[in-house]
Amino acid sequence: MDALAGSVLGPLWLDNPERPAPRPALDADRDGGVETDLLVVGGGFTGLWTALRAVEREPGRRVLLIEGDRIAEHATGRNGGFCEASLTHGEPNGLERWPEEYDALDELGLRNLDEIEQTLERHGIGCGWARGGQLTVATRPHEVAGLEPEVPGFLDAQAVRALVDSPTYLAGRLDAHGAAMVDPARLAWGLADAAERLGVRIAEGTRLESLRKSGGGVVAGTGSGSVRARRAVLATNVFPGPLRRSAWRVVPVYDYVLATEPLTDDQLAALGWDPGIGVADSGNQFHYYRLTPDRRILWGGYDAIYHYGRSIAPEHDDRPATFEVLARNFAATFPQLEGIRFTHRWSGVIDTCTRFCAFYGLAHAGRTAYAAGFTGLGVGASRFAADVMLDLLSGEPTERTRLRMVREQPLPFPPEPLAWLGIQATRRSLARHDRTGRRNLWLRALDRAGLGFDS
Ligand SMILES: Cc1cc2nc3c(=O)[nH]c(=O)nc-3n(C[C@H](O)[C@H](O)[C@H](O)COP(=O)(O)OP(=O)(O)OC[C@H]3O[C@@H](n4cnc5c(N)ncnc54)[C@H](O)[C@@H]3O)c2cc1C
């Protein structure tokens, strides 16, 4: 497809001259073995927020963060930059699973989003933060009912097209307070700098290879020597790690994204789009899209690809068939931008779990905490997860750790070939549901087992 010709394979956000040089790897052998109060493993949002919150909550605490690759190299530097208040992957999922505490979860999510905004101000982190909210649009007649035409705030086709103009829109609803758009890589780099200013030590290119109980704490093996820590946090997303119990609860699902060249004044005028508003369509296979601070459109989602055997590998990064589908759907959504080119195409791995939002836990007799399973909505929720893990490690109950949502774990995925067969059947059924508006037997069975998802 012409629009994709000349695009580079790599995330827009990391293609930035502001990207910091990698910090040196840990050299624990030379340092005669390292000791710390808290070892954080993983330099994505979950790990960065944990490190920063640890020293904000307890100044002077010795914190070491190790990252196997580079800060923000994976999901954190590849996402859409929708920073949402929801801790439950949307209201329907939260209400369905935890009806009795949903109001508290909603309130905690909004507070978390406010506190992210305050953190940016306090530490002077520039990341294009724009809190215009999220617009959900219906593009198929059967999706309109889901936007609740009888409830105030419903936008008919004309009203929604006044916010962002696409001839495909039939209706919409704007959640004006519950989301901000950010440049996720600049946010991550800013969090790393802020943490370091408060005394956190960060080592990149340093992979955790083993973790076990030792004395009153844990001992971690890395390629360059061992680290003794009183407590540890695993913020390693869906990458294989030392804890088998959490590994079965997540599967890696690839999500794909495109970014256009910067829009001209005329092209922007043809859309009439407030850059603080992110858009998502209502299907199960949905697109999410937004303007970037440098006036591009980021366009992602739709295809979610699982590779047999939970495979994560560089050869999955490029998927021409998916990028072509994305480009075609973009052209249908914004015909007024005919001729525009995509400059970047990339993918990232999502840690999908069966409850569609993060789960939390302790291992090594309460000395190691973990959080994973954000299922594509972790930009904001990772900060909440950081506080949950620090609460759990403290051993003191808090309003967060008392939540059933925090105490419960999702059902694990089955081994292969069942995982692959089940995920393919779900994917095909969800695509059919998008076309017809009807849930088939397979989806109804999943709904009954509490595994159904209707985005
Ligand atoms: C394409 C895409 C689009 C998305 N869009 C959105 C969105 O718009 N809004 C939203 O809220 N969420 C979105 N998400 C999800 C969101 O990006 C993540 O949930 C969030 O960034 C939290 O990431 P994380 O820190 O848990 O994981 P990661 O960013 O993957 O960080 C984990 C880190 O751990 C490191 N690591 C793993 N194993 C080891 C080891 N053994 N030793 C040392 N280091 C290790 C990895 O190298 C990695 O850097 C999207 C995700 C993807 C992939």
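**Close-up views of a predicted model**

**View 1. Leu-64 sits in strand β3, which spans residues 63-66.** Helices (H or I, at least four residues) and strands (E, at least two) are DSSP runs, numbered from the N terminus. The model is predicted: local features need pLDDT of at least 70, side-chain atom pairs count only at pLDDT 80 or more, and totals for chains, interfaces and linings use all residues. Residues are numbered from 1 along each chain as its sequence is written, and side-chain values use heavy atoms, with hydrogens and water left out. Leu-64 counts as buried because its relative accessibility is 2%. Buried means under 20% relative accessible area, exposed over 50%, partly exposed in between (1.4 Å probe, protein chains only). Leaving aside residues up to four places away in sequence, Leu-64 touches Leu-26, Val-34, Thr-36, Leu-38, Leu-39, Val-40, Arg-201 and Val-227. Contact means heavy atoms within 4.5 Å.

**View 2. Tyr-256 and Phe-323 form an edge-to-face aromatic pair.** The whole structure holds 14 aromatic pairs. In this one, the centres are 5.5 Å apart and the planes meet at 85 degrees. Rings of Phe, Tyr and Trp (its six-membered ring) pair if their centres lie within 6.5 Å; planes under 30 degrees apart count as stacked, over 60 as edge-to-face and the rest as tilted. Tyr-256 lies in strand β13 (residues 251-260) and Phe-323 in helix α9 (residues 320-333), so the pair ties together parts 67 residues apart in sequence. Both Tyr-256 and Phe-323 are buried.

**View 3. Trp-273 and Phe-334 form a tilted pair.** Their ring centres are 5.9 Å apart, with the planes at 35 degrees. Trp-273 is in the loop between α8 (265-271) and β14 (278-281), and Phe-334 is in the loop between α9 and β17 (342-352). The pair links parts of the chain 61 residues apart. Trp-273 and Phe-334 are both buried. They belong to one aromatic cluster with Tyr-289, Trp-299, Phe-330 and Phe-342.

**View 4. Thr-76, Asn-79 and Gly-376 make polar contacts (N or O atoms within 3.5 Å) with the ligand.** A polar side-chain atom of Thr-76 lies 2.6 Å from a ligand oxygen atom. For Asn-79, a side-chain N or O atom is 3.1 Å from an oxygen atom of the ligand. Gly-376 places a backbone N or O atom 3.1 Å from a ligand nitrogen atom. The protein covers 98% of the 1,000 Å² of accessible area that the ligand has on its own (Shrake-Rupley method, 1.4 Å probe). Elements giving two or more residues to the shell around the ligand are α1 (45-57), α2 (75-78), β13 and β17.

How values were computed: A polar contact is a pair of N or O atoms within 3.5 Å; within protein, one must be able to donate a hydrogen and the other to accept it, and residues adjacent in sequence count only if both atoms are side-chain atoms.
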